[in-house]
Amino acid sequence: MDIFTKCREFTRPDEIKKTGNYPYFHALESRQDKVVMMEGKRRIMLGSNNYLGLTTHPEVIEAGIRAFEQYGSGCSGSRFLNGTLQMHLELEKELAEFLRKDGIVTFSTGFQTNLGIISSIVGHGDYVICDAENHASIYDGCRLSYGRMLTYPHADMEALEKQLAKIPDSAGRLIVTDGVFSMGGDIANLPEICHLAKKYGARVMVDDAHALGVIGEGGRGTASYFGLEDQVDIYMGTFSKSLASLGGYMAASKEVVNYVMHTSRPYIFCASIPPANCAVALTALRIIRRDPSIVTRLSDLAAYARKGFHARSIPIIDADTPIIPIYTYSEENTLQKARELFEAGVYVNPVLPPATQPGNCLLRTSYMATLTTELIDEALDIFEKVLKK
């Protein structure tokens with residue numbers, strides 16, 4: 001059998017394109033900002049993870065330019081060998097201070113960070129226990145490890161305990177959960193997760209990709225949000241969202257960081273974060289530390305948007321985050337409404353299976369600290385017109 005047969009038989013994208021509702025790969029013609037030019041038209045951007053709006057901050061842009069001029073375009077090697085800059089070490093030091101952890105190790109992408117942490121920590125005879133709605137990179141990290149993966153239905157703490165209870169006492173256990181779930185915008189039940197971890201001798205890892213700069217004291221993430229910083233063993237995060245760059249990090253104890261740095265294949269065998277990306281992430285972090293009010297503004301604007309959806313009787317998933325999904329139920333309706341919103345001047349992300357259950361499709365909206373209430377009102381009026389048609 002020809003291994004490319006599956007490629008020839010993969011026709012679903014072409015079928016959607018024929019309906020005119022294909023929602024992917026829309027081309028930006030401007031900076032990633034609160035309002036963008038996309039395919040020749042102004043669109044209010046409610047589909048970005050640029051939560052703090054720092055991609056266009058003058059200090060961030062200048063830092064990237066200076067690093068490019070000073071260090072060139074890349075390091076041409078891994079951190080393990082010739083790819084460590086002094087600036088990488090500065091970023092790790094300041095992240096450790098901000099997150100109140102002993103150690104930090106940075107990776108070249110957020111996806112790679114989960115691959116590198118889980119595949120290194122979870123070995124033969126170990127178990128990793130995951131929320132069913134964890135990010136794809138967590139699942140792939142589990143597959144890359146030599147341990148056994150167990151899952152539990154989303155946010156079901158009774159099911160989590162049942163999984164923990166059946167693991168042999170001799171096995172290592174790592175519970176991995178998103179802090180803020182990227183599609184639903186809800187926050188993990190970290191207090192109960194930590195309680196169960198203590199009860200069953202497990203360690204806890206939280207993926208804070210959508211929580212850094214979003215929730216917690218000054219944007220410190222999910223553990224800070226619940227006051228559980230001393231009970232979460234590993235934080236994972238990314239630079240591609242609130243920190244307006246590219247890359248990822250693990251925050252943990254020094255001995256755990258040292259182990260991962262010397263055993264993680266996705267870390268050892270990958271080129272390091274390019275200088276400009278490192279400088280941008282470091283500058284964005286310094287802006288957050290200097291002015292935590294930007295995190296409060298993001299929260300206030302998200303609350304304003306939620307209130308506006310409720311006032312217009314538009315069904316949403318409620319959570320204390322800047323991710324506000326709108327129920328659209330069927331795949332056909334979701335794709336059609338996403339296209340109509342796009343044509344009317346608002347960009348959102350359709351969420352379809354397998355990212356959600358069949359019949360529970362969503363339009364995922366996300367908000368930036370640089371938005372204005374006037375822009376949100378304009379977008380809400382467009383939502384009302386399109387969704388109630």
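**Strand pairing and unusual backbone geometry**

Reader: In strand 13, which residue is the bridge partner of Pro 350?
Author: In this predicted model, local features need pLDDT of at least 70 and side-chain atom pairs pLDDT 80 or more, whereas totals for chains, interfaces and linings use all residues. Residues are numbered from 1 along each chain as its sequence is written, and side-chain values use heavy atoms, without hydrogens and water. Strand 12 and strand 13 (strands being DSSP runs of E, at least two residues, and helices runs of H or I, at least four, numbered from the N terminus) pair in the antiparallel sense over three bridges. Within strand 13, Pro 350 is bridged to Leu 363.

Reader: Which strands stand at the edges of the open sheet with the order 10-13-12?
Author: This open sheet has three strands and antiparallel pairing, where a pair requires at least two bridges found by DSSP. Each edge strand has a single partner strand, so one side of each is left without a neighbour in the sheet. The edges are formed by strand 10 and strand 12.

Reader: Which residue in strand 5 stands opposite Cys 130?
Author: Strand 4 (residues 127–131) and strand 5 (residues 148–152) pair in the parallel sense, over five bridges. Opposite Cys 130, strand 5 places Thr 151.

Reader: What is the hand of the β-α-β unit that strand 4, helix 6 and strand 5 make?
Author: Helix 6 spans residues 136–144 and belongs to this unit together with strand 4 and strand 5. With the strands pointing away from the viewer, a clockwise path from the first strand over the helix to the second counts as right-handed. The unit is right-handed.

Reader: What is the omega of the cis peptide bond that joins Pro 353 and Pro 354?
Author: Most peptide bonds are trans. Pro 354 lies in the loop between strand 12 (349–351) and strand 13 (361–366). Omega of the cis bond from Pro 353 to Pro 354 is about 10°.

Reader: Is Ala 244 buried or exposed?
Author: Ala 244 has a positive phi, near 60°, although it is not glycine, and belongs to the loop between strand 8 (234–238) and strand 9 (248–252). The class follows from relative accessible area (buried under 20%, exposed over 50%, partly exposed in between; 1.4 Å probe, protein chains only). Because its relative accessibility is 16%, Ala 244 counts as buried.

Reader: Is Ser 313 buried or exposed?
Author: Ser 313, in the loop between helix 13 (293–311) and strand 10 (323–329), also is a residue other than glycine with positive phi, near 55°. Because its relative accessibility is 58%, Ser 313 counts as exposed.
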